[in-house]
Amino acid sequence: MKEETLRALSYGMYAIGVQGKERPSACIVNTVFQIVASPAVIAVSMHHDNYSNQCIKDTGMFTVSVLSEDTSGTVIGALGFTSGRDSDKLRNVRHKILQEGLPVLKENICCWFLCRVINIVETATHTVFLAEIV
């Protein structure tokens, strides 16, 4: 198989919201997909080194904000190129905090989901979270 074949697969862009130790945080991922329709279960793939990965493991919950094509590069950069360990990534990003303490973006999203982890699969570099949409 040619490696460029996999690069041609379409992906979306998603903001994953988490409750960190000191404050809510979020990160950008490109792999979220439906596993089962009823109950609604999705899979999210996230690198082991990502701060949000540890936050999800600690709390068992996260949100998914499905980003639209109109999402600004500034938002993607704020959530994708810094670590929530070191900074308040949401400081300049319009968002709301759900009663569960998890953030959801407020602009340029198609929809959002509140998710509860039901299983975790570890690979060499990434964690795949299987989660039921609450």
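This section describes the salt bridges and the cysteines of a predicted model.

Five salt bridges were counted in the predicted structure. Among them is the pair formed by Glu122 and Lys57, whose closest N and O atoms lie 2.9 Å apart. This contact links distant parts of the chain, since Glu122 belongs to strand S8 (residues 109–122) and Lys57 to helix H2 (residues 51–59), with the two positions 65 residues apart in sequence. Both partners were classed as partly exposed: the relative accessible area is 44% for Glu122 and 33% for Lys57.

Another salt bridge joins the side chains of Glu107 and Arg94, at an N to O distance of 3.2 Å. Here too the pair links distant parts of the chain, and each residue is located in a loop. Glu107 is found between strand S7 (103–105) and S8, whereas Arg94 is found between helix H3 (73–80) and strand S6 (95–97); the two residues are 13 residues apart. Glu107 is partly exposed at 34% relative accessibility, and Arg94 is likewise partly exposed, with a relative accessible area of 49%.

Strand S8 also contributes Arg116, which forms a salt bridge with Glu132 through N and O atoms that are 2.9 Å apart at their closest. Because Glu132 lies in strand S9 (residues 126–133) and Arg116 in strand S8, this pair ties together parts of the chain that are 16 residues apart in sequence. The relative accessibility of Glu132 is 21%, which places this residue in the partly exposed class; the lower limit of that class is 20%. Arg116 is partly exposed as well, at 36%.

In contrast to the salt bridges, disulfides number zero in the model. A disulfide is a covalent bond between the sulfur atoms of two cysteines. The cut-off applied to a pair of cysteine sulfur atoms was 2.5 Å. For Cys110, the closest cysteine sulfur is that of Cys111, and the separation of 6.3 Å is too far for a bond. Cys115 is in no disulfide either, as the nearest cysteine sulfur, again that of Cys111, is 10 Å away. The surroundings of these cysteines were also examined. Cys110 is exposed, with a relative accessible area of 55%, while Cys115 is buried, at 0% relative accessibility.

Conventions: Residues are numbered from 1 along each chain as its sequence is written. This is a predicted model: local features need pLDDT of at least 70, side-chain atom pairs count only at pLDDT 80 or more; totals for chains, interfaces and linings use all residues. Side-chain values use heavy atoms; hydrogens and water are left out. A salt bridge is a side-chain nitrogen of Lys or Arg within 4 Å of a carboxyl oxygen of Asp or Glu. Helices (H or I, at least four residues) and strands (E, at least two) are DSSP runs, numbered from the N terminus. Buried means under 20% relative accessible area, exposed over 50%, partly exposed in between (1.4 Å probe, protein chains only).
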